[in-house]
Amino acid sequence: MNDYIIFMHDDTETPMDVATSAWEDYFAMLRASGRFCGGSSIGPGICVHRSGQARPVTPHLSGYLRVQAESIDDAKKLLIGNPVLNAGGTVEIRALPRD
């Protein structure tokens, strides 16, 4: 199994509330799959650079999930029922290589 991080963007047609039955159902499905490794909403923050001139934080990220899957295509199957995707928003899947 490989590790993947799924980023949710904040570009849905309506604001997303984490405390909805859609999220509860989605998290229940992920937990039942045995491949859910955690996640969280993403709040405000800062970027820090040694020179003192850091770029702004990436503003469109609203949350993340960490999952295990055989491949990106397999991880994509875990998006069934994802409230952000279902609301017309963007979901980004990225591999977490073992460096």
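**A walk around a four-stranded chain**

Hi everyone, let's start with one pair of residues: Y4 has V67 as its bridge partner in β3. What you see above is a predicted model, in which local features need pLDDT of at least 70 and side-chain atom pairs count only at pLDDT 80 or more, while totals for chains, interfaces and linings use all residues. Residues are numbered from 1 along each chain as its sequence is written, and side-chain values use heavy atoms, with hydrogens and water left out.

First, the overall layout. The chain has three helices and four strands, and along the sequence they come in the order β-α-β-β-α-α-β. Both kinds of element are DSSP runs, numbered from the N terminus: helices are H or I with at least four residues, and strands are E with at least two. The C-alpha atoms fill a box of roughly 45 × 35 × 20 Å along the principal axes.

Now, which strands does β1 pair with? Strand β1, residues 2-9, runs antiparallel to β3, residues 61-69, and eight bridges join them. β1 also pairs in the antiparallel sense with β4, residues 91-95, over five bridges. Pairing here means that DSSP finds at least two bridges between the two strands. I6 is a handy residue to click on: I6 stands opposite L65 in β3, and I6 also stands opposite I93 in β4. Then there is β2, residues 36-41, which runs antiparallel to β3 with five bridges between them. On that side, S40 stands opposite Y64 in β3.

How many of the eight residues of β1 are buried? Seven of them are, so to speak, under cover. Buried means under 20% relative accessible area, exposed means over 50%, and partly exposed is in between, with a 1.4 Å probe and protein chains only. Across the 99 residues of the chain, 28% count as buried.

Let's look at R94, which lies in strand β4. R94 counts as partly exposed because its relative accessibility is 45%. R94 and I5 are 89 residues apart along the chain, yet their C-alpha atoms are separated by 5.3 Å. Setting aside neighbours within four places in sequence, R94 is in contact with D3, Y4, I5 and F7. Contact means heavy atoms within 4.5 Å. For the whole chain, among contacts with a separation of 6 or more, 77% come from residues 24 or more positions apart.

Next, L78, in the loop between α2 (72-77) and α3 (83-86). Is L78 buried or exposed? L78 is buried, because its relative accessibility is 3%. Leaving out neighbours within four places, its contacts include Y26, M29, L30 and S33, and also V67 and Q68. L78 and Q68 sit 10 residues apart in sequence and 9.7 Å apart from C-alpha to C-alpha.

That brings us to Q68 itself, in strand β3. With 27% relative accessibility, Q68 is partly exposed. Beyond its neighbours within four places, Q68 is in contact with M1, N2, D3, R35, C37 and L78. From Q68 to L96 there are 28 residues in sequence and 9.8 Å in space, C-alpha to C-alpha.

For contrast, take R55, in the loop between β2 and β3. R55 is exposed, because its relative accessible area is 73%. R55 and L96 are 41 residues apart in sequence and 23 Å apart in space, again between C-alpha atoms.

Someone will surely ask about cysteines. How many disulfides does the search of the whole structure find? Zero. A disulfide here is a pair of cysteine sulfur atoms within 2.5 Å. As for accessibility, C37 is partly exposed at 40%, and C47 is partly exposed too, at 37%.

Last, the surface and the charges. The accessible surface of the chain is about 6700 Å², and 52% of that belongs to carbon and sulfur atoms. Those areas come from the Shrake-Rupley method with a 1.4 Å probe; for residues, only the protein chains shown count as cover. The chain has 9 positive and 12 negative side chains, with the centres of the two sets 9 Å apart. Lys and Arg count as positive, Asp and Glu as negative, and His and the chain ends are not counted. Each charge is placed at NZ of Lys, CZ of Arg, CG of Asp or CD of Glu.

That's my tour. Thanks for listening!
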